[in-house]
Number of protein chains: 2
Amino acid sequence: MTESPRKKRSGGRAGHAARRGPSAIEQMPWRLPVNHDRPTEPLSPEGVQAIHDGAMTILEEIGVAFLNPEAATLLKQAGCRVEGEVVYMGRDFVMEMLAKCPEQWTLTPRNPDRKLVVGGDYILFGNVSSPPNYWDMEIGRKVPGTREYCANLLKLTQYFNCIHFAGGYPVEPVDIHPSIRHLDVLYDKLTLTDKVPHAYSLGTERVEDVMEMVRIAGGLSHEEFDATPRMYTNINSTSPLKHDHPMLDGWMRLARRGQGLIVTPFTLAGAMAPVTMAGAVAQSLAEGLSAIALAQWINPGVPCAIGTFTSNVDMKTGAPAFGTPEYMRATQMTGQMARFYKLPMRSSGVCAANVPDGQAMWETSNSLWAAVQSGSHIVYHAAGWLEGGLIASPEKFVMDCEVLQQIQRYMEPATWATGPEDIALDAIREVKHNGHFFGTQHTQERYTTAFYQPFLSDWRNYEGWEVAGGIWTAERAHHVYKRILNEFEAPPMDEAIREELADFVARRKSEGGAPTDF
Amino acid sequence: MTESPRKKRSGGRAGHAARRGPSAIEQMPWRLPVNHDRPTEPLSPEGVQAIHDGAMTILEEIGVAFLNPEAATLLKQAGCRVEGEVVYMGRDFVMEMLAKCPEQWTLTPRNPDRKLVVGGDYILFGNVSSPPNYWDMEIGRKVPGTREYCANLLKLTQYFNCIHFAGGYPVEPVDIHPSIRHLDVLYDKLTLTDKVPHAYSLGTERVEDVMEMVRIAGGLSHEEFDATPRMYTNINSTSPLKHDHPMLDGWMRLARRGQGLIVTPFTLAGAMAPVTMAGAVAQSLAEGLSAIALAQWINPGVPCAIGTFTSNVDMKTGAPAFGTPEYMRATQMTGQMARFYKLPMRSSGVCAANVPDGQAMWETSNSLWAAVQSGSHIVYHAAGWLEGGLIASPEKFVMDCEVLQQIQRYMEPATWATGPEDIALDAIREVKHNGHFFGTQHTQERYTTAFYQPFLSDWRNYEGWEVAGGIWTAERAHHVYKRILNEFEAPPMDEAIREELADFVARRKSEGGAPTDF
């Protein structure tokens with residue numbers, strides 16, 4: 001993405017950084033990464049057809065339960081057979097609805113420099129979302145999330161340019177009453193970050209409140225808000241083959257307002273889905289596509305994406321596993337199916353590890369590379385996730401951002417350019433069979449930007465590392481996260497807008513917030 | 001690879017395991033993994049041609065120094081222009097020689113069940129080779145390698161079925177005098193393992209001694225030894241653009257005996273090679289292809305493979321970096337070039353990290369996935385490597401084997417099968433919109449083998465993990481490696497052969513071993 005002419009006016013990252021002097025770390029600039037790699041595709045064309053047939057047969061013959069009478073009624077009007085809560089969709093209807101979904105769409109947050117393109121060759125990464133617990137090295141144990149911890153992670157979300165959007169609550173602040181939690185966290189999110197925000201589909205009031213707050217934060221009229229996607233929701237089906245009431249309510253509300261819609265079935269093979277990965281993927285698709293068909297019926301052309309969260313369980317204990325070989329293949333298969341349906345796709349950065357150690361990083365690496373290989377467009381939970389999503393950790397967040405920066409550098413075409421200056425015959429002629437390339441003009445002209453420069457990896461030899469304290473990665477990440485929080489400055493916001501936002505929160509709190517009986 | 005009918009007779013793994021009762025860990029069975037994935041190919045056809053032209057121009061116009069008069073003389077006889085030590089090879093000659101190299105070949109160690117196929121869709125993994133130092137958690141610091149440490153790592157090499165060949169010394173045993181080191185370590189390697197062995201090309205006597213020991217260990221006549229590759233060497237050019245005397249000597253000796261030949265230039269972009277990755281790859285290819293051309297001139301059809309070890313340096317400190325974005329792309333580009341030249345290819349599992357922590361695992365994961373994505377056939381240093389190859393660690397070895405098992409499981413087609421039983425519509429019909437799949441017959445028939453089962457990853461939740469001691473991955477790996485060493489039994493060897501091997505070692509020691517003045 002080229003630099004936007006709006007950057008200076010709107011106080012984008014570059015201008016902001018210039019005002020505040022040196023940073024805690026040097027990091028790569030904000031950009032929308034482009035994934036040039038041909039996806040890894042385990043399925044043959046026949047395999048794609050078999051999973052498609054499976055998903056369509058599920059929709060036609062087994063049906064999906066829509067636990068929301070409004071949704072069921074709408075789908076009945078659309079011509080689907082409805083028996084009680086179960087909706088049976090013909091494949092012709094489903095494919096007709098999917099064809100209305102744009103292959104590529106945008107999300108424009110309050111800082112237009114942070115506008116995202118979802119689809120095409122872009123791949124976007126977001127922070128960990130929704131863990132109830134927090135772990136950091138100083139606390140040294142798993143503790144319930146709080147507003148302060150949540151804000152810490154929102155600051156990291158804003159700070160790192162390799163994080164493109166602010167997903168759900170990076171940790172659930174259980175010290176705030178659920179009736180008003182969304183008001184406080186969205187206030188924090190919209191003031192501490194200027195990246196694309198998310199709304200949980202947890203009941204009418206929450207969704208309406210969040211849309212209103214996003215509108216206010218953007219300084220938008222209602223018409224401007226509705227004109228283009230400013231935010232998004234992500235709903236999870238209740239596998240097997242169910243969509244619950246509040247999720248569908250939020251889904252339909254955002255559909256009507258033309259906001260971004262992502263549906264991500266949580267299909268653990270062997271538990272809520274068949275033990276076979278192709279079966280779990282087929283079921284996941286049936287669940288996801290049925291929600292997208294509903295959205296397209298309500299508002300043709302509304303931006304949707306299909307998510308995958310298909311993994312396996314430990315068959316000895318039933319515990320969910322993440323970043324496994326099966327997880328990687330399910331992600332790649334879903335990528336093939338998303339291309340078949342011409343839908344943008346969401347996957348995740350995940351692990352089962354409980355602390356930010358070696359296992360955490362091989363599981364996370366497996367899942368992030370699967371996201372790249374699958375041609376995913378949106379990667380949720382890409383930084384900060386532990387314990388299968390039950391813990392958010394700032395150290396893990398920082399470690400994951402090092403991996404994400406490397407993935408994003410990996411995508412820069414300079415790395416594999418083959419022009420004459422890249423083949424560098426003149427430099428090779430100059431050095432010939434002795435000496436080295438450090439001193440050549442070819443090297444001198446390029447060395448400052450030739451290679452990825454890490455902020456967390458320690459590339460010193462053992463002795464240098466030992467003299468510097470012999471600090472393992474997680475502890476280095478702890479120090480980095482502390483430095484970032486110490487120097488953090490919120491992105492600029494017009495004071496009148498901030499007051500309007502605060503007034504809205506105060507008013508809605510005085511009204512009691514949202515009901516908590518769903 | 002199907003089970004060999006020889007397994008019982010020759011005391012292969014299955015029979016051996018049955019004799020000794022339960023194992024320290026449950027691991028996947030021995031097999032040759034097949035890489036079904038289409039490689040990741042950053043280069044366009046024009047990019048491939050540009051790098052090829054670059055490599056050929058280097059060979060024709062800049063030349064490669066062969067610091068071995070015999071090699072230079074042979075290449076002069078082959079029609080190359082030779083000026084002093086520098087050999088200039090025309091591209092027609094090079095391509096004619098490369099065309100003689102088989103695209104796929106075998107390596108048959110003393111246990112024929114461990115026979116390897118190099119090339120095609122197979123991908124094979126070997127242990128860390130050649131670090132001078134050792135680190136384990138109990139020692140707690142970097143210490144020089146010893147024969148005991150070396151034997152520890154040879155036992156792990158033998159123990160893990162995901163390790164297919166025994167590379168160079170897994171750690172350099174500096175407590176053995178260099179003149180006889182190869183005799184003791186090869187004795188240990190050939191008695192503690194029954195996998196394909198490697199010989200360092202470090203002077204005439206060492207190479208001849210190792211070939212003789214491999215012949216004795218296999219119970220082979222000289223004719224049988226020469227009939228098919230039983231072992232291999234790996235030489236490194238002295239970049240830029242030089243092959244040294246002892247390496248070339250060993251290379252030519254093994255070429256004449258028809259053994260496996262791998263050439264791996266160590267081209268650090270910005271130091272011994274151009275700062276641009278395409279330039280570093282072109283230079284690496286020129287160095288590697290020139291050695292293969294020599295081997296094919298000496299013995300047409302001798303099995304060769306081209307290696308890549310192109311990475312970048314930290315341009316602030318000059319320190320080598322591994323598992324970086326640039327390393328990944330260089331590996332993928334070299335894979336494309338290896339396919340262009342129809343040569344099997346070697347890459348590596350590498351990291352710059354000093355201890356087996358998070359950084360170690362993301363760097364190693366990056367490099368191992370690059371090996372998979374590049375279509376590599378042989379992956380060196382795949383388990384146990386730290387500090388850019390200066391440290392071998394048993395904990396890291398065990399952690400890497402967990403990653404390697406996952407990669408090898410990832411390659412099993414069952415993971416993406418799409419037959420009717422995989423789509424599992426009957427099971428989905430049975431469970432419908434409520435309940436779960438745990439109890440279905442479809443799950444019950446498959447759950448024991450449906451998913452990868454780790455031996456090191458801890459998939460318990462935080463509380464379960466905490467109750468069990470809250471042990472981070474590296475420490476768990478420490479316990480695993482100790483358990484493996486405690487129960488280790490060497491693979492069976494005929495007593496007469498063992499005595500012949502010991503006698504050979506004793507005789508060669510009494511003769512003074514190998515000169516150390518090379």
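This is a short chat about a sheet in chain A and the relation between chains A and B of a predicted model.

Student: Ground rules for the model first?
Tutor: It is predicted: local features need pLDDT of at least 70, side-chain atom pairs count only at pLDDT 80 or more, and totals for chains, interfaces and linings use all residues. Residues are numbered from 1 along each chain as its sequence is written, with chains lettered from A and ligands numbered from 1 in the order in which they are written.

Student: What is the strand order in the open sheet of chain A?
Tutor: E6-E18-E17-E14-E12-E10-E9, 7 strands with parallel pairing. Strands (E, at least two residues) and helices (H or I, at least four) are DSSP runs, numbered from the N terminus. Pairing takes at least two DSSP bridges between two strands.

Student: Which are the edge strands?
Tutor: E6 (124-127) and E9 (198-199) of chain A; each pairs on one side only.

Student: How many bridges join E14 and E17 of chain A?
Tutor: 2, linking residues 304-307 with 345-348 in the parallel sense. A:Ile306 has A:Met345 in E17(A) as its bridge partner.

Student: And what does helix H11 of chain A touch?
Tutor: H11 (277-298) packs on the sheet against E10, E12 and E14 of chain A, at about 170 degrees to E14(A). Contact means backbone-placed C-beta atoms within 7 Å. Angles run from 0 to 180 degrees between N-to-C directions, with axes fitted to C-alpha atoms, for helices over the stretch in contact.

Student: New topic. What rotation superposes chain A on chain B?
Tutor: 180 degrees, with 0.0 Å of shift along the axis and RMSD 0.0 Å. The fit is least squares on C-alpha atoms of residues with pLDDT of at least 70 in both copies.

Note on methods. Two residues are in contact if their C-beta atoms, placed from the backbone, lie within 7 Å.
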